[in-house]
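Trainee: I would like a close look at one part of this protein. Please start there and then work outward to the rest.

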Amino acid sequence: MAEKKDEIKKLKEKLLVQHKNGYHVISDKMFKACDKFCEGYKDFMNKAKIEREAVIYSIELLKKKGFVEYEKGMALKAGDKIYRNNRGKSVIASIIGTSPIEKGVRLCAAHIDSPRLDLKQNPLYEDTELALFKTHYYGGIKKYQWTTIPLALHGVIVKADGTSISVNIGEDENDPVFCVTDLLPHLATAQMQKPLAKGITGEQLNILIGSRPFKNDEESGSVKLAIIDILNKKYGITEADFVSSELEAVPAFKAKDIGFDRSMIGAYGHDDKVCAYTALIATAECKKPKHTVVTILTDKEETGSDGNTGLRSSYLEYFIADIAAALGSDGRTVLSASECLSADVNAAFDPTFPEVNERNNSAYINHGVVVTKYTGARGKAGTSDASAEFTGRVRRLMDSNNIIWQTGELGKVDEGGGGTVAAYIANLDVDTIDLGVPVLSMHAPYEIVSKLDTYMAYKAFEVFIAD
Ligand code: MN
Ligand code: MN
C-alpha cells in the first residue's frame, strides 16, 4: 500500500502542474546570494526614484563596467560594450555578441518611470495664507493613497538662460518633505459617502509647501512670495521658470525589508525599477555573449509609451539600425531575428483581495519570476500575445537553468487589465514575451516585492542574454 501511495505521488509530479513556493526549492547558496543581491537593489531604489536618476545611476554603473557612449558611425566588434543615453530619460546598454548580428539580438526592455504627482507648469499658489503646488498625476493611481504621506521633490528646472538645475529635496534625513492634505474624519461625512475613486479628485492633489509669510508684510500673497524667495536664493529661479521644469513629487519613503523574516521589500516604484535593476545588473555583468545583448530602460511606460523617450518612438529602432549598419547588416534583418523579454511587473495574488484573481492563473509571492504570455484587457485587446513556440522556448530556457518561475495573468477576465511595452516591440517583428516580478499594492506609493522573485528575475535575464 505504501508503494502504491509513492507511485501516485510520482504520477502527480509527472503529470500535474506543480505550484511550488520557491523556498521549498531554493538552495542555501542561492538563498544567500538572493539576500545579498537585494541589498544592492534597495540602494538603487533609494537613489533612483525617477527616470532621470535611474539613467544617471545606470550610466555610472555601465561606465564602471567598461561601457562607452555610442555614437552613430562608430566601428563595432564582438565584445564591445556600449550605451546610448536618450535625453537623460531612457538608456540603452548593449554588448556586441560573437555571432553575426543577423542572428538577432537578445532584448530586455524595462521601464524606469513610475506613477507619481507631476507639478503643473504654473504650480505655485497661495490660498488662505498657505503655499501650495498644483499637480497633475502621472500614470494610473488611486488618488486617495497619495494624501497624508511624506513627499519628496525630484526633477529639473530649465531657467530662462537655458541652464538646467537638478532638484532633489526630501530624501536626506535633514531635508524637509511635502504633503497632500486630507479631510479629518470628523468633517468627512460627505466625502466618505463618495465612491473611492471620487473621494479625492485630481485637482485636490495639492501639495502643501509652506506657511510662513514675510515678517512685517501683511499683504496677501506674502507666503507665496516668501517661498519663491527661498527658491530664488537656493536655485536662482523665478516663478516663470516652472514653465520649463519637470518636477515630480514622489513618496519620501526609503526602501525597507518587510516582515519579521525580511523576505520582502517595500519601496516606491518597484514597477518597474525591479525589472530595470535586475536587467541592468545582468547586462552589466554579462561577459562575451553569443548574441548581441540590448537592454533598454525606457521612460513613459506609465502614460502609454508615447513621446521620444517612450517605446512607441523610434529610438530603439534607430539604435538597432545604427549598430546593424556598423556590423554590416540592416535594422530590419536584425529585428526580425531578435527575441525580447518585455521586463515588467505583474500583479501578485493578494489574500485580502482574492476576488479579482483567478487562482489557477495568478502569480504568487515567492513562486518566482512571472512569465506572462499575454496582457491586455477585454478579449486580449492591446496585447502582442507571445506565440506558443516562443513561450515554449522561454519555458525550456527557465527550466534548463533551474530558474524558479511561474505563469500569471493580470487578474480575472474582464476584471480590468493592463499592458506593457511588449506590444510595441513585438510590432517591430520581434518575438516578445512578458517576464517580471509579482508585486503587491502595484502603483501604490509603497509597493511590495519578494526578494526571491526579484533575484529570480535577475537570474532569468542573466540566462536569456547569455543564451
Ligand atoms: Mn510596469
Ligand atoms: Mn505600471
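Where does Asp414 lie?

Mentor: The model is a predicted one. In it, Asp414 sits in the loop between strand E18 (405-407) and helix H11 (422-426). With a relative accessibility of 60%, Asp414 counts as exposed, because the cut-off for that word is over 50%. The backbone of Asp414 deserves a look too: its phi is near 65 degrees, a positive value in a residue other than glycine.

Now follow Asp414 across to Gly379. The two residues are 35 apart in sequence, and their C-alpha atoms are 8.0 Å apart in space. Gly379 belongs to the loop between strand E17 (369-372) and helix H10 (388-400). At 69% relative accessibility, Gly379 is exposed as well.

A positive phi turns up again at His443, where the angle is near 70 degrees and the residue is again not glycine. His443 is found in the loop between E20 and E21. Its relative accessibility is 18%, so His443 counts as buried, the limit being under 20%.

His443 leads to the metals. The manganese ion (ligand 2) has as its protein donors Asp271 (OD), Glu302 (OE), Glu302 (OE) and His443 (NE2), at 2.0 to 2.6 Å. Glu302 lies in the loop between strand E14 (292-298) and helix H8 (315-326), and His443 in the loop between strand E20 (438-439) and strand E21 (447-450), so this pair ties together parts of the chain that are 141 residues apart in sequence. The spacing of the donor residues can be written D-x30-E-x140-H. Glu302 counts as buried, since its relative accessibility is 12%.

Asp271 coordinates both the manganese ion (ligand 2) and the manganese ion (ligand 1), and the two ions are 3.3 Å apart. For the manganese ion (ligand 1), the protein donors are His111 (NE2), Asp271 (OD), Asp344 (OD) and Asp344 (OD), at distances of 2.1 to 2.5 Å. Two of these residues come from distant parts of the chain: His111 is in strand E4 (residues 105-111), Asp344 is in the loop between strand E15 (339-343) and strand E16 (346-347), and 233 residues separate them. Here the donor spacing reads H-x159-D-x72-D. His111, at 1% relative accessibility, counts as buried, and Asp344 is buried with 7%.

Asp271 has one further feature. The peptide bond joining Asp271 to Asp272 is cis, with omega about 10 degrees. Asp272 has its place in helix H7 (residues 270-284).

Last, the whole chain. Its secondary structure comes to 12 helices and 21 strands. A compact globule of 467 residues would have a radius of gyration near 23 Å, and the 24 Å of this chain agrees with that. The C-alpha trace spans about 85 × 65 × 40 Å along its principal axes. Of the 467 residues, 52% count as buried. Among contacts between residues at least 6 apart in sequence, 76% join residues at least 24 apart. The chain exposes about 22,400 Å², with carbon and sulfur atoms supplying 53% of this. Its charged side chains are 58 positive and 65 negative, and the centres of the two sets lie 5 Å apart.

Terms used. Residues are numbered from 1 along each chain as its sequence is written. Chains are lettered from A and ligands numbered from 1 in the order in which they are written. This is a predicted model: local features need pLDDT of at least 70, side-chain atom pairs count only at pLDDT 80 or more; totals for chains, interfaces and linings use all residues. Side-chain values use heavy atoms; hydrogens and water are left out. Helices (H or I, at least four residues) and strands (E, at least two) are DSSP runs, numbered from the N terminus. The radius of gyration is taken over C-alpha atoms; the globule rule is 2.2 Å times the number of residues to the power 0.38. Buried means under 20% relative accessible area, exposed over 50%, partly exposed in between (1.4 Å probe, protein chains only). Contact means heavy atoms within 4.5 Å. Accessible areas come from the Shrake-Rupley method with a 1.4 Å probe; for residues, only the protein chains shown count as cover. Lys and Arg count as positive and Asp and Glu as negative; His and the chain ends are not counted. The place of a charge is taken as NZ of Lys, CZ of Arg, CG of Asp or CD of Glu. Donors are N, O and S atoms within 2.8 Å of the metal (3.2 Å for Na, K and Ca); water is not among the atoms, so sites may look incomplete.
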